[in-house]
Amino acid sequence: MDTEEIKKYLNLIRLSDTFFPLGSFAMSQGMEELVSEKIINKGRLNSVINLYLEKIWKSFDLKIFMMAYNRFKENDINGLVELDNLCYASKLAEENRSTLTRMGKGLLSALKLKEGTIAQKYKNMVMDRSTPGTYPVTMAAVAFDFNLAELGAISLIYVNMMEVTASLVRMGFIDYIDAQEILDGAIQKITIEEDTADLNQSFPAVDVYSMRHETNPSRMFIS
């Protein structure tokens with residue numbers, strides 16, 4: 001493994017680490033409301049996490065990342081803005097939209113991108129509020145700028161899995177050992193595909209309970 005490859009994997013780990021200032025520790029992606037209203041129990045957790053994985057992260061967020069990465073390679077800034085707005089508008093609950101942009105702006109704010117590149121131009125547009133700065137698209141910008149290529153997809157999936165699972169631990173619903181078992185089960189089912197056809201997301205319960213969560217006076221998480 002040469003020096004550049006080592007740097008690539010270290011950056012991948014850094015971007016995925018819970019220490020990285022994304023603000024994801026304050027988000028549960030609707031899981032808090034599912035728990036507080038007793039919609040799920042421990043016996044159903046693996047299947048619920050798998051629904052997040054198959055119906056949101058892989059079928060939508062991951063494909064948005066892949067499409068955005070291709071637009072960075074093509075130097076297509078207009079296509080990126082269009083895709084960014086599509087990603088933002090496709091999240092029905094306000095909490096989910098704000099989560100995407102909080103994480104996206106947190107990601108870009110913590111990193112210095114190369115001057116004069118399309119990634120830096122996109123970052124400037126996000127900071128100027130000319131485009132939403134959704135997390136899948138900002139991750140594609142960083143993956144392009146840091147030469148991570150499709151490895152950025154791994155970080156995207158991992159951060160989402162950790163966000164939901166860590167929220168369950170912080171709520172006291174599961175312990176750290178349970179969390180590792182859930183993550184191990186999810187990891188076994190992950191496949192990273194470059195196919196961007198059939199962009200879709202369908203997990204209505206997450207949308208419904210995310211909307212209910214917005215009015216929950218005793219919530220711990222912002223989503």
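Reader: Which residues of H7 are buried?

Author: This is a predicted model in which local features need pLDDT of at least 70 and side-chain atom pairs count only at pLDDT 80 or more, while totals for chains, interfaces and linings use all residues. Residues are numbered from 1 along each chain as its sequence is written, and side-chain values use heavy atoms, with hydrogens and water left out. Helix H7 (a DSSP run of H or I of at least four residues, numbered from the N terminus) spans residues 135-145, and 10 of its 11 residues are buried (under 20% relative accessible area, against over 50% for exposed and in between for partly exposed, with a 1.4 Å probe and protein chains only). Those buried residues are Tyr 135, Pro 136, Val 137, Thr 138, Met 139, Ala 140, Ala 141, Val 142, Ala 143 and Asp 145.

Reader: Against which helices do the buried residues of H7 pack?

Author: Packing rests on contact, meaning heavy atoms within 4.5 Å. The partners of the buried H7 residues are helix H1 (3-16), H3, helix H4 (77-89), H5, helix H6 (118-127) and H8.

Reader: At roughly what angle do the axes of H7 and H8 cross?

Author: H7 passes H8 in a right-handed crossing (the near helix turned clockwise from the far one by less than a right angle; anticlockwise would be left-handed). Axes are lines fitted to C-alpha atoms, for helices over the stretch in contact, with angles from 0 to 180 degrees between N-to-C directions. The two axes come within 9 Å, and their crossing angle is roughly 145 degrees.

Reader: How do the residues of the contact of H7 with H8 divide by class?

Author: From H7, Tyr 135, Pro 136, Met 139 and Ala 143 meet Gly 152, Ser 155, Leu 156 and Val 159 of H8. Ala, Val, Leu, Ile, Met, Phe, Trp, Tyr, Cys and Pro count as nonpolar, Asp, Glu, Lys and Arg as charged, and the others, Gly among them, as polar. The contact residues therefore divide into 6 nonpolar, 2 polar and no charged.

Reader: Is Ser 167 of H8 buried or exposed?

Author: Ser 167 is found in helix H8, residues 152-170. Leaving aside neighbours within four places in sequence, Ser 167 is in contact with Met 27, Ser 28, Met 31, Met 162 and Phe 221. Because its relative accessible area is 1%, Ser 167 counts as buried.

Reader: Which helix supplies the largest share of the lining of the largest pocket?

Author: On a 1 Å grid over the protein atoms alone, a pocket is an open set of points with protein on both sides within 12 Å along at least five of seven lines, a cavity is a set where a 1.4 Å probe fits but cannot get out, and lining residues have an atom within 4 Å of a point. The largest pocket is lined by 19 residues, with Thr 18, Met 162, Glu 163, Thr 165 and Ala 166 nearest its centre. H8 and helix H9 (176-188) each supply at least two lining residues, and the largest share, 8 residues, comes from H8.

Reader: What volume does the second largest pocket have?

Author: The second largest pocket is lined by 18 residues, of which Ile 56, Lys 91, Asn 96, Gln 201 and Val 206 lie nearest its centre. H5 gives the most to this lining, with 4 residues. Grid points are joined across faces, edges and corners, and a volume is the space filled by probe spheres set on the points. For the second largest pocket, the volume is about 270 Å³.
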